[in-house]
Amino acid sequence: MTGLEITPGAWLMVVGLGTLLGLDAISWPQTMASRPMVAGTIGGMLFGDPAAGFLAGAWLEVVSSRHPPFGAARYPETGPSALIAGAAFALSETGSTLALLGVVLAGWTIGWVGSYSIALLRIYNGQLMGDPAAFGGDPAEVARRHRRAIRIDGARAALVTGALFVPVVLSVRWLETWPAGDRGAVLSPLLAVIAVAALAGVGARLLGGRREGWPPFVLGGAAGLLLLWVAA
Amino acid sequence: MGYAVSPLLQRIHAGDPVALRSALERHAGSFNAHPYLSTVAIGALARLENDGGDPETFQRFRTALRGPLGALGDQAVWAGWRPLCILVAIALFCLGVEPRVAALGFFILYNAGHVWLRLWGIRAGWAAGLEVGGVLNRSPLRSVARRLTPVNEALTGVVLVLLVARTPGLQFSPAATGLATAAALAAFFAPAPGGRLGMLVLFAAIAVWWI
């Protein structure tokens with residue numbers, strides 16, 4: 001129906017990478033390969049368009065900045081979600097703003113699905129390690145339980161990636177065709193442009209939103225415009 | 001924490017399985033701090049175990065370290081170093097650097113700081129033991145966090161302009177660009193409820209225009 005073919009090998013590759021990126025954020029090694037920009041680029045590379053993956057990841061970075069992992073705050077998981085978003089944008093037919101908006105929204109949603117699955121995992125980890133006296137201070141038992149927690153985190157990330165990758169790709173493909181007709185042709189890019197710009201505003205507010213932060217933010221914006229002008 | 005500190009404890013209490021078990025029970029409980037700066041606690045606690053002393057003191061010290069390590073790591077890494085590396089990489093990509101190079105550049109730059117911090121933490125903790133609070137106060141981490149804040153704010157402005165320009169479909173149609181700018185400004189300047197209301201009105205107006 002879509003003319004799109006995802007081989008089992010490609011699906012397995014996405015699931016494998018989603019597992020590793022899911023592990024990176026919390027279990028090991030926390031190198032931030034799971035940041036949207038990196039994970040999105042990897043997703044794009046898998047399907048031949050790293051630039052598309054990076055762009056999707058960069059927008060997810062902007063959106064994700066709303067929830068920094070301070071203290072015990074809950075925040076969206078970025079590894080598997082950005083991997084899927086980057087791959088889905090690379091696989092989109094038009095590479096349009098609407099498709100970009102679709103993958104950013106999908107990535108955001110998957111990020112929260114991942115976040116809730118991590119919350120469940122932490123409850124389990126609490127039970128696993130909660131009473132040190134229960135395993136009698138045996139170093140081998142501590143190591144066994146630690147590895148078990150990592151394996152379960154990996155399985156969790158694999159499940160999130162494997163279950164949501166294909167549906168997201170197909171949804172974005174469908175979204176690109178919506179809504180049909182002359183009005184839709186005008187409306188959909190317009191809505192997408194507005195929504196993307198609003199996301200930009202939200203991201204800017206969150207990263208540079210302190211009142212005393214406005215002057216450097218505005219100066220930075222002016223420098224960006226100057227760079228664009230010079231580059232043109 | 002128990003897993004991380006276990007190799008050190010096995011060396012410290014070699015030949016004394018009872019002391020090892022007791023030490024591991026003390027350290028295998030929940031410990032919530034910044035993951036990179038947890039190495040400070042690992043080093044300091046291992047030093048205390050090595051030097052010997054009252055286990056109650058170890059426990060109180062362990063609890064007291066969590067908050068400061070968490071707060072310092074959040075400010076220096078999550079709010080300072082990480083956004084800086086991300087923003088530099090996105091800016092480079094928007095200026096035409098190959099995406100794989102930009103992503104790899106982020107990975108290398110960020111992890112240079114990350115790995116240094118972990119190594120510094122374990123050494124500082126081991127060297128200072130109970131006095132590690134003073135080391136944290138004298139460390140450059142606080143001033144780094146303070147200095148990076150305006151840099152990140154300025155870079156956010158740069159990146160936002162470059163990213164919008166790099167996004168397909170945002171350069172054409174004066175009407176769309178005007179509405180987009182208005183929406184972005186509304187989202188940036190309005191407080192959260194006002195921003196949501198503004199966006200709702202904007203979308204309602206577009207829906208009415210369409211119908």
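1. Helix α3 of chain A (residues 50–64) packs against helix α4 of chain B (residues 55–94) at an angle of about 140 degrees, and their axes lie 11 Å apart. The relation of α3(A) to α4(B) is therefore oblique, and the crossing is left-handed. These values come from a predicted model.

2. Where do these two helices meet? On the side of α3(A), the residues are A:A51, A:F54, A:L55, A:A58 and A:E61, and they meet B:I86, B:A89, B:I90 and B:F93 of α4(B). By character, the residues of this contact comprise eight nonpolar, one charged and no polar.

3. A second point concerns helix α1 of chain B, which spans residues 2–12 and in which B:G2, B:V5, B:S6 and B:L9 are buried. Viewed down the axis of α1(B), the buried residues fall within an arc of 130 degrees, so they line one face of the helix. The cover over these buried residues includes α6 (139–175) of chain A, together with α2 (17–27) and α3 of chain B.

4. Helix α3 of chain B, residues 38–51, contains B:L45. Is B:L45 buried or exposed? With a relative accessible area of 1%, B:L45 is buried, because burial requires a value under 20%.

5. Which residues are in contact with B:L45, leaving aside its neighbours within four places in sequence? They are B:M1, B:H27, B:F58, B:F61 and B:R62. As for B:Q59, which stands 14 residues from B:L45 along the chain, the C-alpha atoms of the two are separated by 9.3 Å.

Conventions:
Residues are numbered from 1 along each chain as its sequence is written. Chains are lettered from A and ligands numbered from 1 in the order in which they are written. This is a predicted model: local features need pLDDT of at least 70, side-chain atom pairs count only at pLDDT 80 or more; totals for chains, interfaces and linings use all residues. Side-chain values use heavy atoms; hydrogens and water are left out. Helices (H or I, at least four residues) and strands (E, at least two) are DSSP runs, numbered from the N terminus. Buried means under 20% relative accessible area, exposed over 50%, partly exposed in between (1.4 Å probe, protein chains only). Contact means heavy atoms within 4.5 Å. The arc is that of the directions from the helix axis to the C-beta atoms. Axes are lines fitted to C-alpha atoms, for helices over the stretch in contact, and angles run from 0 to 180 degrees between N-to-C directions. Angles under 35 degrees count as roughly parallel, over 145 as roughly antiparallel, 65 to 115 as roughly perpendicular and the rest as oblique. A crossing is left-handed if the near helix is turned anticlockwise from the far one by less than a right angle, and right-handed if clockwise. Ala, Val, Leu, Ile, Met, Phe, Trp, Tyr, Cys and Pro count as nonpolar, Asp, Glu, Lys and Arg as charged, and the others, Gly among them, as polar.
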